[in-house]
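Trainee: I would like to learn how to read a model that comes with a bound ligand. Could you take me through the features one at a time?

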Amino acid sequence: MNRELSRRTLLHKAGLGLIAVGATSISTIIKPASTFAQAKEPPMPPTKRLGWAIVGLGKFATEQIIPSFAECKSSKLVAFVSGDKAKAEKYALSYGVNPKNIYNYQNYDSIRNNPEIDVIYIILPNGLHAEYTIRGLQAGKHLMCEKPMANTVQECQAMIDAAKKATRKLMIAYRAQYEPFNLAAIKYARSGQLGKLKLVTSDHGRNLDPKDPADRWRMNKKLAGGGSLYDIGIYSLQAARYITGEEPIEINAMIYSTPGDARFREVEENVNFGLRFPGGTLANCSCSYGHSDVKRFQVFGSDATLELDPATDYYRHRLIIKRKSGMEEPQIQEQNQFALEIDHFSQSIMENKQPKTPGEEGLQDVRLMNLIYEAARTGSTIKV
Ligand code: NAD
């Protein structure tokens, strides 16, 4: 075929939503953005939005969550809880939080007397999640808690029980389950568009940096709960679960930490784990604190393969479908997943509905991660 003609034909098709990218032999079909676009609703007036308090002004809170409130439609930032008063005042000034709504870890419980606060969001080291979640629920507020939910199954259950007792809602901040590329991947996988699902692979890795204050507590078992599995392997586990929409029935695993590496005195470096799902899909997952960044998954179906790489980054995701006939890249609109997640919880509260990722979802991951550790320790395949 005439190359120039072929190029022009494809460029003409671009107007119809089809364009060629890269090599001339494989055309990348870009589907119209509307394929996965979400319903657009106007933002609520500030008086109707729910008021949120952020507990812990660390890296993730200050760099991702706090700025994302600007894109929320039914949630507003109204309070901070921090051990560092000057830092809290600085962020209060930047983000229009009333300085009277700054709390510390000692007077945290007095939040109960502040009607401006509807929801508390815990963004502390993992080992503190249970205590601050339970105290927040006992103060009569709805509660969102970062992943992993807590260090142990018992703590997770105590958090769920505290929410029930207080008749408040509890949600775990699994942002990927609100992110449009991941939602599209779920739709492809579960609708049969890839054929029968055979295998999910998912890898999450990064190099733990002892010089970064946000990584220091991650080397401490009491504060982190575990190593790479608890921190980022949880994304690989989540991907396998939400892509299949099933719960694993068998688990095997292997753990390896570089001998003598001071970062891994208390927590593990590398974990490989395998899952078998009741519908016949297998998953091969990995996580590491010792190699360069990776945040991806692949879904192998009998008819097509889906790749999402990066899959669980904050922005700039890329989804590709590979078929015998060629490659497709559905055009999906990037959206602020944090704002979507935060608004989901506000909406769940306003409509008195169970959030999509409640405490039970967090408990299930902690339960499964502990079985992954057990499978590695015993060298046996564990029936769940
Ligand atoms: P960070 O160290 O930057 O923030 C933790 C904050 O807790 C700091 O402000 C620190 O001062 C405060 N803190 C209070 N008591 C502390 C204590 N005893 N020891 C240490 N710090 C204490 O860490 P981070 O990366 O922001 O992680 C915080 C939480 O957010 C973790 O649960 C982590 O898993 C989660 N997180 C989630 C995502 C995501 O994408 N969902 C990304 C990063 C972190």
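Mentor: We will begin with the ligand and its surroundings, and then turn to the backbone. Please keep in mind throughout that this is a predicted model.

Trainee: How many residues surround the ligand, and which are the closest?

Mentor: A residue is taken to be near a molecule if one of its heavy atoms lies within 4 Å of it. In this model 21 residues surround the ligand, and the closest are K59, N126, K147, R175 and W217. By character, the shell divides into 12 nonpolar, 3 polar and 6 charged residues.

Trainee: Which parts of the chain supply the shell around the ligand?

Mentor: One can look at helices and at domains in turn. The helices α2 (59–68) and α9 (228–244) each supply at least two residues of the shell, while domain 1 (7–175 + 340–358) and domain 2 (180–334) each give at least three residues to it. As for the place of the ligand, it sits in the largest pocket.

Trainee: Which polar atoms of the protein should I look at beside the ligand, and what are the distances?

Mentor: For a polar contact we look for a pair of N or O atoms within 3.5 Å. On the backbone, a polar atom of F60 is 3.0 Å from an oxygen atom of the ligand, and a polar backbone atom of L124 is 3.1 Å from an oxygen atom of the ligand. From a side chain, a polar atom of E146 lies 3.0 Å from a nitrogen atom of the ligand. The ligand on its own has 830 Å² of accessible area, and the protein covers 78% of that.

Trainee: Turning to the backbone, where are the cis peptide bonds that I should examine?

Mentor: The angle to read here is omega. The peptide bond from K147 to P148 is cis, with omega near -20 degrees, and P148 lies in the loop between β6 (142–145) and α5 (153–166). Another cis peptide bond joins D309 and P310, where omega is about 0 degrees; P310 is found in the loop between β13 (305–308) and β14 (319–323).

Trainee: What is the value of phi at T167, and where in the chain is T167 placed?

Mentor: Phi of T167 is near 45 degrees, which is a positive value in a residue other than glycine. You will find T167 in the loop between α5 and β7 (170–172).

Conventions:
Residues numbered from 1 in each chain as written. Predicted model: local features only at pLDDT ≥ 70, side-chain atom pairs only at ≥ 80, totals over all residues. Heavy atoms only, no water. Polar contact = N/O pair within 3.5 Å; in protein donor to acceptor, adjacent residues only side chain to side chain. Areas by Shrake-Rupley, 256 points an atom, 1.4 Å probe, with all protein chains shown as cover. 1 Å grid on protein atoms, 1.4 Å probe; cavity = no way out; pocket = protein on both sides within 12 Å on 5 of 7 lines; lining within 4 Å. Sits in = over half its atoms within 2 Å of the grid points. Helix = DSSP H or I, 4+ residues; strand = E, 2+ residues; numbered from the N terminus. Nonpolar A, V, L, I, M, F, W, Y, C, P; charged D, E, K, R; others polar. Domains from an automatic or database assignment.
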